[in-house]
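Biologist: I am a first-year student learning to read protein models, and I would like a close look at one part of this one. Could you take me slowly through the salt bridges, and then add a little about the surroundings?

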Amino acid sequence: MEGRGLRAGFTIDAPPPLHMSEPLRRTAFNRLFAVVYFSAILALLYRHVRNLFLHPTTSFLSFSITLSLFISDLVLAFMWASAQAFRMTPIRRKEFPQNLKRIIKDKDFVGLDVFICTADPYKEPPMNVVNTTLSLMAYDYPTEKISLYVSDDGGSVLTLFAFMEAAKFARHWLPFCRESNIMERSPHVYFCSNYQHPSSPHFDKIKMMYEDMKVKVEHVIDKDEVTDEYITDHQQRQAFNKWTKSFTRMDHPTVIQIILDKSHDIDISGRLMPNLIYVSREKSKTSPHHFKAGALNVLLRVSAVMTNAPIILTQDCDMYSNDPQTPLRMLCYLSDPALKSSLAFIQFPQRFHGINKDDIYDNEYKLPFEINPMGLDGLKGPNYVGSGCFFRRRALFGDPSTPVAPEIPELSPEHVVNKPIRSQETLSLAYHVASCNYENETKWGSKTGFRYGSLVEDFYTSYRLHCEGWKSLFCNPERAAFLGNVPITLFDGVNQCKRWCIGLFEVAFSKYSPLTFGSQYMGLLMSLGYSHYAFCSFWCIPVTFYSFLPQLTLLNQVSIFPKISEPWFFLYVFLFLGSYGQNFLDIILVGGTVRRWWNAQRMWMIRGLTCNLFASIEYLLRSLGISTYDFCLTSKVVDDEQSKRYGQGIFEFGVPSPLFVPLTVAAIINLFSFLSGLTGFFSGNNMEGLGLQMIL
């Protein structure tokens with residue numbers, strides 16, 4: 001156990017502890033089990049090699065089946081071995097934010113720039129983005145230290161209108177949150193919660209104001225325009241006039257609108273408001289825009305010119321704050337001099353609200369979002385997952401010992417902003433660095449900022465930072481720091497996963513592959529951890545083979561596994577039960593249930609036959625120049641009927657899709673082969689050698 005103030009030699013005069021860490025108690029078991037299980041895998045691979053080369057069969061079909069199973073088991077062995085990186089040195093951390101103000105005064109808190117990205121007002125409703133933003137504005141943190149930047153990659157006047165209305169409501173909402181000391185600071189969540197709200201004289205008034213704002217915003221979205229009845233002053237009209245007839249989603253000039261300015265905007269209690277700045281970067285059909293990574297880099301430059309806070313929080317538009325003290329938890333680590341020099345970012349887990357009782361689509365993603373990060377935290381730290389992450393701005397400009405100088409001094413992390421954000425000089429420079437040609441012949445996306453080259457810019461950026469020598473931390477408080485929405489149909493879930501898988505392939509087969517480049521710069525265990533994710537689509541190989549081969553041979557009563565009476569049979573049983581048993585233990589120990597674990601196993605097989613398989617095919621075709629793919633947003637619009645069925649635990653495919661063809665074929669073949677096996681068993685046929693195939 002270690003932490004500031006918890007090390008040996010602690011005295012009564014030492015500062016109070018801000019954080020601590022301790023290894024998980026099951027670490028020794030994990031290591032012992034890994035040795036035993038690895039020995040069993042070697043025995044299995046020996047059996048395959050013996051059957052293939054030492055005792056070869058004369059039948060080409062039999063050889064092909066044995067070779068296919070050998071390849072499948074090799075992939076399973078690689079995925080198991082790479083997953084051991086998460087089990088060798090897992091740790092758990094705890095923070096003590098109550099001690100922070102005994103060490104740091106409010107005026108000494110560091111500045112915080114918050115980046116929120118949205119791209120389509122129809123797939124990502126502006127009211128959802130507004131609720132996320134309001135929850136972040138209401139942090140228990142000096143408001144004059146916070147600046148919020150909203151990137152609208154859809155370039156929609158509807159989104160800008162929604163934020164102008166939100167700014168008016170925020171003047172009342174922020175004081176209400178402070179006075180009532182509420183935890184749910186997303187207005188939608190607060191007003192829809194089941195808690196008994198305090199009998200505050202302001203409650204009904206605040207709720208009515210929120211409903212009025214919501215009706216107004218949704219009416220504008222339904223009409224698809226901001227009409228004159230909603231334009232209240234010359235400043236608003238001037239802003240909306242930037243949307244001319246030639247203004248399109250993929251071809252438009254930069255729009256930067258300062259909605260709130262902390263230098264003079266105050267709430268109804270007289271306290272300063274945070275900065276709120278709308279940014280829609282310049283888009284041109286002739287210039288690459290690099291999806292979300294490009295949008296984040298524009299915010300990185302615009303914020304450097306305007307506020308240049310040393311800490312940056314990146315947040316998805318649907319991930320609202322669930323704990324107003326989250327920035328204080330972050331400071332518990334960044335205030336420790338022993339950590340600060342090499343610490344790049346602090347990642348909070350992605351958690352979700354509205355998940356049904358049994359999590360039928362495995363939307364929790366317990367392994368990548370909670371269990372595996374604890375394992376990486378004992379090494380160089382967890383990977384960045386795109387949201388709920390506090391970055392040190394300095395980490396995005398070179399390695400810990402050698403900073404990369406930006407093109408202009410105003411973008412340097414050390415630059416001190418001494419001009420008002422509304423000054424002409426500041427705005428002109430902000431527009432300049434947001435232009436679509438600014439990055440030409442620069443290091444942006446390669447050595448500076450968020451990295452280009454993959455659809456999963458979060459994973460790739462953290463991977464490159466770890467290779468440069470930076471470290472990260474995993475902060476997992478008991479109360480979720482952020483909560484987001486989840487897909488409520490199978491199609492939305494696997495389609496989102498397919499996009500991730502393609503992006504991970506782009507990292508796996510790049511010149512920075514974790515297996516080659518990563519192992520040189522991060523060490524073996526970290527490179528294995530990143531490889532486990534980068535090559536995750538390879539799950540489709542064993543899942544596909546094991547979904548069809550044993551079943552087709554069972555239909556013909558051909559045995560491909562050892563008989564129950566043979567010693568090799570018990571090896572297969574141990575490998576099967578050992579893998580599932582350890583996974584079951586991992587899930588249960590972090591608060592999972594048996595039913596949720598079962599559904600996670602089902603979704604693992606479904607993903608293997610859908611998103612993993614199609615991502616592999618699509619990436620291969622694209623590599624051959626046969627096919628290309630486009631970035632596709634996951635819809636955040638909630639259909640009431642679908643949501644009701646999801647809440648009842650009804651499995652819903654969503655829409656017809658080629659993604660489901662292999663899954664459907666596999667289900668039919670498995671059903672018929674199982675019935676055929678049962679028929680043979682009850683008919684008195686010798687089924688001894690077909691037992692494992694029956695189980696599959």
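Modeller: What follows is a walk through the salt bridges, then through some polar contacts, and finally through two patches on the surface. Please keep in mind throughout that this is a predicted model.

The count of salt bridges comes to 25, and a few of them can be taken one by one. One of them is formed by the side chains of Glu 95 and Arg 329, which meet at 3.1 Å, taken from N to O. Glu 95 belongs to strand S2, residues 91–95, while Arg 329 belongs to helix H9, residues 326–334, and the pair links distant parts of the chain, 234 residues apart. Is each partner buried or exposed? Glu 95 counts as buried because its relative accessibility is 5%, and Arg 329 counts as buried because its relative accessibility is 17%, given that the cut-off for buried is under 20%.

A second pair to look at is Asp 153 and Lys 283, whose closest N and O atoms are 4.0 Å apart in their salt bridge. Asp 153 sits in the loop between strand S4 (146–152) and helix H4 (157–180), and Lys 283 sits in the loop between strand S6 (275–280) and helix H8 (291–306), so this salt bridge ties together parts that are 130 residues apart in sequence. Both Asp 153 and Lys 283 are buried.

In the next pair, Glu 618 forms a salt bridge with Lys 498, and the closest N and O atoms are 3.1 Å apart. Here the partners lie in helices, Glu 618 in helix H20 (residues 611–623) and Lys 498 in helix H14 (residues 490–508), so the pair ties together parts that are 120 residues apart in sequence. Glu 618 and Lys 498 are both buried. Beyond these pairs, Arg 26, Arg 87 and Asp 586 are joined into one network by salt bridges that share partners.

Polar contacts can be followed in a similar way. Gln 315 has its place in strand S7, residues 311–316, and this residue counts as buried because its relative accessibility is 1%. The side chain of Gln 315 reaches the backbone oxygen of Met 319 at 2.6 Å, and the side chain of Gln 315 also reaches the backbone nitrogen of Gly 388 at 3.0 Å. Thr 426, found in helix H12 (residues 424–433), is buried too, with a relative accessible area of 4%, and its side chain makes a polar contact with the side chain of Ser 423 at 2.8 Å.

Let us now turn to the surface. A nonpolar patch is formed there by Leu 552, Leu 555, Ile 668, Leu 671, Phe 672, Phe 674 and Leu 675, which together have about 630 Å² of accessible area. Helix H17 (540–555) and helix H22 (661–682) are the elements that give two or more residues to this patch, and H22 supplies the largest share, five residues. Leu 671, which lies in helix H22, counts as partly exposed because its relative accessibility is 48%.

A patch of negative charge is also found on the surface, where Glu 211, Asp 212, Glu 218 and Asp 222 gather. Glu 211 is part of helix H6, residues 203–223, and with a relative accessible area of 33% this residue is partly exposed.

Note on methods
Residues are numbered from 1 along each chain as its sequence is written. This is a predicted model: local features need pLDDT of at least 70, side-chain atom pairs count only at pLDDT 80 or more; totals for chains, interfaces and linings use all residues. Side-chain values use heavy atoms; hydrogens and water are left out. Patches are made of residues with over 30% relative accessible area and no salt bridge: like charges are joined within 9 Å, nonpolar side chains (Val, Leu, Ile, Met, Phe, Trp, Tyr) within 5 Å. Accessible areas come from the Shrake-Rupley method with a 1.4 Å probe; for residues, only the protein chains shown count as cover. Lys and Arg count as positive and Asp and Glu as negative; His and the chain ends are not counted. The place of a charge is taken as NZ of Lys, CZ of Arg, CG of Asp or CD of Glu. Helices (H or I, at least four residues) and strands (E, at least two) are DSSP runs, numbered from the N terminus. Buried means under 20% relative accessible area, exposed over 50%, partly exposed in between (1.4 Å probe, protein chains only). A polar contact is a pair of N or O atoms within 3.5 Å; within protein, one must be able to donate a hydrogen and the other to accept it, and residues adjacent in sequence count only if both atoms are side-chain atoms.
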